[in-house]
Amino acid sequence: MNKPIYLTALLWLCFTVTSLANDGYKLWLDYRPISNSQLKSHVEPLLNEIYFYGDNPTYQAIKNELNLASQKMLGKVPIYSKDRLQNTKLWIGTREQLSQTLSLDQQSKIKALGEDGYWRGNIELDGKSFYAIIGNQPVGALYGVYNWLNSIQSNTFDKTIELADNPKIKIRMLNHWDNLDRTVERGYAGFSIWDWHKLPGYVDPRYTDYARANASIGINAVSLTNVNANALILTTDFMKKVKVLADIFRPYGIKVYLTARFSAPIQIGGLKTADPLDPEVKAFWKKKTDEIYSFIPDFGGFLVKANSEGQPGPHEYGRNHAEGANMLAEALEPHGGVLIWRAFVYSHEDDVDRHMQANNEFGPLDGQFKDNVIIQIKNGAIDFQPREPVHPLYGAITKTNVGMEFQITQEYLGQATNLVFLAPMWEEVLKTKTFRPTPTTTVASILEGKESGQKLTLIAGVSNIGTDQNWTGHLFGQSNWYAFGRQAWDPSLESKQIAEEWIKLTFGTKPEVLSKVEEIMLESHEAAVDYMTPLGLHHIMGRSHHYGPGPWVMGGRADWTAPYYHQADSLGIGFDRTSNGSGALEQYAPEVAKAWSDPHEIPEKYLLWFHHVPWDFEIKDGNTLWDGIAYHYDRGVKEVRKMQQTWASLESEIDPAQFDHVRQLLEVQETEAEWWRNACLLYFQTFSKRPFPADIEQPEGDLEYYKSLMFPNAPGI
Ligand code: BDP
């Protein structure tokens, strides 16, 4: 081989190998070359002639994205025009900047999209045609550009179609549970991406990529630190570090929030008390808040976990949650800041069913919170279980701003070794009817402020991001970050649509890949529920790390043990929350309480959540409860095997590195699903004293062996 040919071949090989080994870092923004020639003929002229109406940091961020995308998609940088009419085909700007060009009708249409909305479409002017991406604010244009690039990547861009969109939720927020030493509570993807030690001097380029990823899916708020908060984050030294992050995020439309430790006045303020009604305490928070705003003028506000799981709060001083929250809200108010107060409260001194404690605390306080307070409520009343009935606070309080807290990190859903697409679970929650305040109310309509007229709307998700090269540990964890952003933007989106979008951006647009990966994703949540906690079982995971099964976990406070939740005995299994039991069902609207109080009427997926049911109870498919439980566990394992086979059939279609990463993890998932099934069935059999149905794979192994497994180094604790 002569030298130049040899060198070209070598270069080609290097390029192919590196381009094949996709490490997942680029997430869904790994723009692929456009192979469809028709699409290319529509996109290329636009990227060759871009005109920006003015300049600002957000437009610089858009240019940065267009540069990256164009180089990958077309192999060249875009060309920016200086004149809006000469050599120009793509306009990017705000409604105001384009007001001379837009008809009054177009202007009012765009205006109606609100502060983060965007419009994109064709505009005819003096016989010439321009493609325009317009926001009411620069950030709207940014969202419009991401949406446009997304449509190019998924092969759906059509210049002739007008498209407008706007978020239904105002604050679309990631909650990082990141500690200042970079460990991450319930994090399974390495360490925290916030390198506090090197900040403010060293700025990791990852911060910008993080902001890009969030902006591309509409996330506009991040709380940087663990809700089990460290007061040091509020010191001046840390503020300088936080400021660097806020400055990076600002052009991407992202506001920074911090978790505020309620006892900070004592820990960093030198006071003897943190009583929210004490004048010195109030003065501390006011001064502290003013100081934060002097560094970060658009600081979002505080997120607070108080009087829960040992965290300090107003109860120590005989004050209630409203008094605690309002004091902090007052400090934020002059700056337009928001106080997010979590409803995840339960006390070990209170032996009332943990399911009921948040309603008991917050119900009587409805209407007492200030306008800039939002109560952030988990999707269910216990704790991010594989499946939970909706939290009874939704619809129970109507005079207080409420927001959703989902968990993206898979604390109870196989952590980073299990492929579980969470959008179907969130969709199920969002579509749930609460029947309060009206018969048609759903969780989504409450969150969107349609029921109460609340202006401050919020959907938050506990982040699954860490320092792993692919950000989320499991490649499919990226789909949950993506889905969260999309559902927070528009809670009415279907999981199927979201899965399709993500698959196209991640694996390309081949129909076979699309349909098979979609099948895996859409069935994965039900599979996990089956092999972990079928028929409404809950909180039977390993103690503390929550990794793997632990239905036998005993000792310590009752509501941190598994038998508290499953209540298995010789007669049956399940937690009686009807009026004969804890009475939690009565916290729901009468329509729900009535239907669910009958074990024959309640949706079977919640059966054991609300009822203690005899082992021989006949379930809907005609089986006894005991056999039904066994069939569900067995089905879960079989579903994982089906996922494995489907994935295996895609080997020739998927990047080898990504293929192998997922293949290996699916093997781990199969082992873990078998472990769950065997351990739980063998354990529950000690109560049911019944044989397993003959046609399931017989649970093997020895219960004592499963009980003896220890994971002292499990991540995320
Ligand atoms: C639970 C976690 C715990 C969190 C708590 C919370 O196990 O680590 O601190 O929720 O949400 O899911 O505050």
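The legends below describe close-up views of a predicted model.

**View 1. Domain 1 and domain 2 as assigned along the chain.** The domain assignment of the protein places residues 23-165 in domain 1 and residues 171-494 in domain 2. Taken over C-alpha atoms, the centres of domain 1 and domain 2 are separated by 33 Å. Where they meet, 21 residues of domain 1 are in contact with 21 residues of domain 2, and the two domains bury about 1900 Å² between them, with 57% of that area on carbon and sulfur atoms.

**View 2. Polar and charged pairs across the interface of domain 1 and domain 2.** Across this interface there are 12 residue pairs in polar contact, both residues of each pair being at pLDDT 80 or more. Helix H3 (57-74) and helix H5 (138-153) are the elements that give two or more residues to the side of domain 1 that touches domain 2, and H3 gives the most to that side, with 6 residues. By residue class, the side of domain 1 that touches domain 2 divides into 13 nonpolar, 4 polar and 4 charged residues. The rule also finds 2 salt bridges across the interface of domain 1 and domain 2. In a salt bridge between Glu65 and Arg212, the closest N and O atoms are 2.7 Å apart.

**View 3. A salt bridge within helix H9.** The structure as a whole holds 50 salt bridges, and one between Lys288 and Glu291 has its closest N and O atoms 3.1 Å apart. Why can such residues pair? Side chains of opposite charge can do so when their charged atoms come close. Both Lys288 and Glu291 belong to helix H9 (residues 279-295), where they are 3 residues apart, about one turn of the helix.

**View 4. The cis peptide bond between Leu199 and Pro200.** Leu199 and Pro200 are joined by a cis peptide bond, for which omega is about 0°. Pro200 has its place in the loop that runs between strand S6 (171-175) and helix H6 (206-216).

**View 5. Backbone geometry in the loop between helices H12 and H13.** A cis peptide bond is also found from Arg436 to Pro437, with omega near 0°, and Pro437 lies in the loop between helix H12 (423-431) and helix H13 (443-447). Phe435, whose place is likewise in the loop between H12 and H13, has a phi near 60°, which is a positive value in a residue other than glycine.

**View 6. Two spans annotated in the UniProt record.** An unreviewed UniProt entry gives the annotation "domain: Alpha glucuronidase N-terminal" for residues 27-148. In the model, residues 27-148 are 40% helix and 20% strand, and the end C-alpha atoms of this span lie 17 Å apart. For "domain: Glycosyl hydrolase family 67 C-terminal", UniProt, again in an unreviewed entry, lists residues 472-695. Over residues 472-695 the chain is 54% helix and 2% strand, with its end C-alpha atoms 38 Å apart.

Methods: Residues are numbered from 1 along each chain as its sequence is written. This is a predicted model: local features need pLDDT of at least 70, side-chain atom pairs count only at pLDDT 80 or more; totals for chains, interfaces and linings use all residues. Side-chain values use heavy atoms; hydrogens and water are left out. Domain bounds come from an automatic or database domain assignment. Contact means heavy atoms within 4.5 Å. Buried area is the accessible area (1.4 Å probe) that two parts lose on being put together, summed over both. A salt bridge is a side-chain nitrogen of Lys or Arg within 4 Å of a carboxyl oxygen of Asp or Glu. A polar contact is a pair of N or O atoms within 3.5 Å; within protein, one must be able to donate a hydrogen and the other to accept it, and residues adjacent in sequence count only if both atoms are side-chain atoms. Helices (H or I, at least four residues) and strands (E, at least two) are DSSP runs, numbered from the N terminus. Ala, Val, Leu, Ile, Met, Phe, Trp, Tyr, Cys and Pro count as nonpolar, Asp, Glu, Lys and Arg as charged, and the others, Gly among them, as polar. UniProt positions are given in the numbering used here, feature names are shortened, and annotations may be inferred rather than shown by experiment.
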